[in-house]
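Subject: Handover of a structure and summary of findings

Dear colleague,

Please find below the structure that I am passing on to you. I would be grateful if you could read the notes beneath it with the structure open.

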Amino acid sequence: TVAACPTEIGTFFLPLEGLIDHEAEHKRLGGELTKVQAEIEKVKRKLASESFVQNAPADVVAEHRQRQADWETRLTALESARAALG
């Protein structure tokens with residue numbers, strides 16, 4: 001098993017054979033995925049509320065949109081990590 005670690009200068013690949021417990025890591029990633037998906041849904045519900053978007057200050061709405069983008073990026077990274085485990 002190899003872990004991919006994206007950085008600003010490229011992607012590093014780290015061999016993990018014998019270093020991690022695949023079952024425990026798969027379970028941990030599953031828990032993380034559940035938490036991140038819940039956060040995405042929470043932000044989406046708030047942004048779907050017309051009253052929130054119309055009444056909240058523009059910077060607060062922008063912050064929530066950025067949060068959604070950040071959580072979605074985290075979700076993609078977690079899904080990739082879990083897929084790499086096999």
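The notes below go from the overall fold to individual residues.

Please bear in mind that this is a predicted model.

Overall fold

The protein chain contains three helices and two strands, and their order along the sequence is β-β-α-α-α. Along the principal axes, the C-alpha trace spans about 55 × 30 × 15 Å. The radius of gyration of the protein chain is 17 Å, whereas a compact globule of 86 residues would have a value near 12 Å. Buried residues account for 20% of the 86 residues. The accessible surface amounts to about 6,300 Å², and carbon and sulfur atoms contribute 55% of that area. Among contacts with a separation of 6 or more, 52% are between residues 24 or more positions apart.

Salt bridges

Four salt bridges were found in the whole structure; three of them are described here, beginning with the pair that joins two helices.

Glu-32 forms a salt bridge with Arg-74, with 3.2 Å between the closest N and O atoms. This pair links distant parts of the chain, since Glu-32 belongs to helix α1 and Arg-74 to helix α3, 42 residues apart. Glu-32 has a relative accessible area of 25% and is therefore partly exposed. Arg-74 also counts as partly exposed, because its relative accessibility is 37%.

A further salt bridge lies within helix α1, where Arg-28 pairs with Glu-25 and the closest N and O atoms are 2.7 Å apart. These two residues are three positions apart, about one turn of the helix. Arg-28 is partly exposed, with a relative accessible area of 41%, and Glu-25 is partly exposed at 22%.

Helix α3 holds the salt bridge between Glu-63 and Arg-67: both residues lie in that helix, four residues apart, or about one turn. Their closest N and O atoms are 2.5 Å apart. Glu-63 is partly exposed, with a relative accessible area of 40%, and Arg-67 is partly exposed at 35% relative accessibility.

Other residues of interest

Gln-68 is located in helix α3, which covers residues 58-85. Its relative accessibility is 18%, so Gln-68 counts as buried, the cut-off for that class being under 20%. Apart from neighbours within four places in sequence, Gln-68 is in contact with Val-43, Lys-44 and Leu-47.

Glu-23 is part of helix α1, which comprises residues 22-48. Glu-23 counts as exposed because its relative accessibility is 68%, and the cut-off for exposed is over 50%. From C-alpha to C-alpha, Glu-23 and Ala-77 are 18 Å apart in space, with 54 residues of separation in sequence.

Ile-20 sits in the loop between β2 and α1, and at 29% relative accessibility Ile-20 is partly exposed. Its C-alpha atom is 17 Å from that of Glu-32, although the two residues are 12 residues apart along the chain.

Finally, there is a nonpolar patch on the surface formed by Ile-9, Phe-12 and Leu-14, which together have about 330 Å² of accessible area. Phe-12 lies in strand β2, residues 10-15, and is partly exposed at 43% relative accessibility.

With kind regards

Methods
Residues are numbered from 1 along each chain as its sequence is written. This is a predicted model: local features need pLDDT of at least 70, side-chain atom pairs count only at pLDDT 80 or more; totals for chains, interfaces and linings use all residues. Side-chain values use heavy atoms; hydrogens and water are left out. Patches are made of residues with over 30% relative accessible area and no salt bridge: like charges are joined within 9 Å, nonpolar side chains (Val, Leu, Ile, Met, Phe, Trp, Tyr) within 5 Å. Accessible areas come from the Shrake-Rupley method with a 1.4 Å probe; for residues, only the protein chains shown count as cover. A salt bridge is a side-chain nitrogen of Lys or Arg within 4 Å of a carboxyl oxygen of Asp or Glu. Buried means under 20% relative accessible area, exposed over 50%, partly exposed in between (1.4 Å probe, protein chains only). Contact means heavy atoms within 4.5 Å. The radius of gyration is taken over C-alpha atoms; the globule rule is 2.2 Å times the number of residues to the power 0.38.
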